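Here are my notes on the model you sent round, point by point. Have the structure open while you read.

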Amino acid sequence: MSQPEDTTNQATAFTNHDRKPIHIPGSIQPHGVLLALSTQLEILQVSNNTQAYLGKEPKDLLGKPLSYLLEAQQVETVKQCLVKKIGGANAFKVSINTSHQKRDFDAIAHRTEEVVILELEPTDSKSEVSFLSFYALVGVAIAKMQRTSNLVEFLHLVAEEVQKIIGFDRVMVYQFDESGAGSVVGEVKREDLSPYLGLHYPATDIPVQARELYTRCFLRFLPDLTAEAVELVPTENPTTHQPLDLSYSLLRSFDWCCAEYHQNMGVKALLVISLIQEQKLWGLISCHHQTPKYISYEVRKMCEFLGQIVSSELAHKISNSEWDYKVKLKSLQSEFLESISQADNFIDALIKPEIRLPDFVSASGAAVCLDNEINLVGATPNIDEVRALIEWADTQVSDNLFSTDSLPKLYPEALIFKDTASGLLLLRISKVRRYYILWFRPEVIQTVHWAGNPQESIQAQVDGSYTLSPRKSFEQWQETVRLTSLPWKACEVESAIALSNAIVGIVLSKADELAKINLELERSNQELASFAYAASHDLKEPLRGIYNFSTVLLEDYAQVLDDDGIECLQTVVSLSVRMETLINALLRLSQLGQAHLREQATDLNELLNQVIEIFRASRQESGLVDIRIPRPLPTVQCDRVLVNEVFSNLVGNAFKYNDKAEQWVEIGYLDEGLGTRDWGLGDKENTQSPILNPHYPLSPEGAPPSPIFYIRDNGIGIPQHHLETIFRLFKRLHSQEKYGGGAGAGLAIVKKIVELHNGQIWVESTVGVGSIFYFRLE
């Protein structure tokens, strides 16, 4: 038989074993009686041992009301189960007259979807245990466990205290791993018994359906594993014609496989208490006895209560045990998420060396995949191997988060790079695009100590099929495990999920932010267009009237006005001129907002010569205009008219805001990718081509490098806290009387023109030394 066929048949055996309906065995254990009741409390089914316990044959009870057996008050107590949730139980004491004598029972009632189940166990006690008696038995144990902070000591103490209460030969604390396999992590035993502490057990020892029942029912008691099961009469519910669901039944019979498994261990009585963490089965307190042993219902309830206390304390002990590691991960996670949330490109943040992506989940290496672009960090397979792995994941992994500590067993090609990637934690960021983050862990060769050979339970049949059967031996059996890494912890997986949520959140936040900005811009543009219309038609005309009438009054009626009147009229004229300047600036800005670029190949040397000629002509009275151009400017695609306006504004400002005796302006450009050194703004004679600040904006990825133009001067400079605000509309740093006045709109217009070209503009400056304006046109 080929290996794939062998594996398939074994998997079928496991699947069939896990599907066995152990919750509907159709029988109970013989240490009690079971009655199934309709919602009207009519007896529908009984266990076939009522004669022994109640002195009545099953046929004498079927179809009778419960009041035939119990007193009215007791019937009312059972009736209360009808309003409880499924599985919720009522427990009380009852005395029942049998044919020979009056017998006392512990009565436990609960409801299923269709019926109410009443179970009766004989008892010697007619009274219920008081709270003080209950606390005396478990209070000391609880106090000891709460004082213990170390997890290993705590688990040993749990086993010790449970053994004191029930007196079993062996009490173990058994912990499940992610696969359903488990190991003994705490044990107290009779001295002559072989230890199981530290031994591992395969997942098949406690099948899926058994683990699921342990999650719902917190205690399972089998006082005699050699006892014969008692059948139900009739075998099916006469109303539903289905087997009776005994999921929450205390008396539910056990599977033969369970009995044989434990008898092979020398066990005749079994008590199992569930340990639940975050609504999942963390483990079990498994109690073994070498001979049949009955425990009263009250003591079992104490054990169940103790199990719930242990489950509650377990969270704190585990938390204390892993606290330092979790704090480290959380701290790194917080720093990491803050970094990517502030980054314009979160991929750059993911692979930046200051915060290593592998450390995020304690991996040795990581890969970030954006479509065909793959970035590697740390110890990883090569790019071709990672690309092939992602192609495999595209077809084989459906979840957004996938982890394995044995990648070569799932993906045989990983054998080649097992030293770097035997473990894989894969995060799919997008289902639309091929966006992945992969973390890798190397192979760690381990020695696992099993309680017997786990393969022994897999039996090959004559027809070539496989079945599961109980193992015969539980002697320690060693296995060397290869092609596996250290397992991924839950907190590490949570870190990956947090990263995924953060990335999605950032993307959505950015998209939402952009959508809001676009809506706001659209509204603002509409308002600005409306204002431009009003400014050109409704404001300018009355403004001209104010100017004209004021001028007429000054020219024709000056002789009838005193000096104060003339001064007032002159102020009106001056203010109307100022107002018209502001309106014209607004009109210009609004026109730019609706402008369509007329891009063409433009020789900037020719354009700049025109700007300089016009500028020199307008400053003939001011003497020499020193404009330096270290090297010829390139030809670029741009709107010639608008870029002319950019140079005119920047050159004009450079001379306008300059109080030096010898004024100069340098115009040039930088090639992207140059090194970095000090500008030398403190050196007035430094006319070398400047080297760009390391924080300048780069060209979009994949685009050819575009030149960065600069206009440098030796003017008055700009204070650092104004470097961002100077591009705002009507922002002036000086009064109207200084440096020739102006509307304060020139730089806002320049910025708008540069942005129309998909470019950026920024400035560096030192007060008293000079300024450098940079801009780029994409």
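1. Start with the salt-bridge network that links Lys93, Asp106 and Glu298. Keep in mind that this is a predicted model. By the rule used here, the count comes to 20 salt bridges, and a few of them are worth clicking on. As background, side chains of opposite charge can pair when their charged atoms come close.

2. Have a look at Arg190 and Asp192, whose side chains meet in a salt bridge with 2.7 Å from N to O. How accessible are the two partners? Asp192 is exposed, at a relative accessible area of 57%, while Arg190 is partly exposed at 32%.

3. Next, go to helix α11, which covers residues 383-396. Here Arg387 forms a salt bridge with Asp384, and their closest N and O atoms are 3.8 Å apart. That still counts, because the cut-off for a salt bridge is 4 Å. Along the helix, Arg387 and Asp384 are 3 residues apart, so about one helical turn separates them. Asp384 is exposed, with 58% relative accessibility, and Arg387 is partly exposed, with 26%.

4. One more pair to check is Asp626 with Arg628: their side chains form a salt bridge at 3.3 Å, N to O. Asp626 has a relative accessible area of 25%. Why is Asp626 called partly exposed? Because buried means under 20% and exposed means over 50%, a value of 25% falls in between.

5. Now for the nonpolar core. The largest one has 38 residues, and the members touching the most others are Phe647, Leu650, Ile667, Ile711, Phe773 and Phe775. Which elements give two or more residues to this core? The helices are α16 (604-618), α17 (640-656) and α18 (746-756); the strands are β25 (635-639), β26 (664-670), β27 (708-713), β28 (760-766) and β29 (770-776). Helix α17 gives the most, with 8 residues. In soluble globular proteins, nonpolar side chains tend to be buried together.

6. On the surface, check the nonpolar patch of about 410 Å² made by Val552, Leu553, Tyr557, Val560 and Leu561. Leu561 sits in the loop between α14 and α15 and is partly exposed, at 31% relative accessibility. Leu561 makes it into the patch because its 31% is over the 30% cut-off for patch residues.

7. Stay with that loop for a moment. Asp562 is also found there, between α14 (490-556) and α15 (563-593). Together with Asp563, Asp564 and Glu567, Asp562 forms a negative surface patch. Asp562 itself is partly exposed, with a relative accessible area of 48%.

8. Finally, two contacts between residues far apart in sequence number. Where is Glu119? You'll find Glu119 in strand β6, residues 116-122, and it is buried, with a relative accessible area of 1%. Its C-alpha is 7.8 Å from that of Ser249, although the two residues are 130 apart in sequence. The other case is Ser38, in the loop between β2 (33-37) and β3 (43-47). Ser38 is buried at 10% relative accessibility, and its C-alpha lies 7.4 Å from that of Glu114, which is 76 residues away along the chain.

Technical notes. Residues numbered from 1 in each chain as written. Predicted model: local features only at pLDDT ≥ 70, side-chain atom pairs only at ≥ 80, totals over all residues. Heavy atoms only, no water. Patch = residues over 30% accessible without salt bridge, like charges linked within 9 Å, V, L, I, M, F, W, Y side chains within 5 Å. Areas by Shrake-Rupley, 256 points an atom, 1.4 Å probe, with all protein chains shown as cover. Lys, Arg positive; Asp, Glu negative; His and termini not counted. Charge placed at Lys NZ, Arg CZ, Asp CG, Glu CD. Helix = DSSP H or I, 4+ residues; strand = E, 2+ residues; numbered from the N terminus. Buried < 20%, exposed > 50% of the residue type's maximum accessible area, 1.4 Å probe, protein only. Core = buried A, V, L, I, M, F, W, Y, C linked by side-chain atoms within 4.5 Å.
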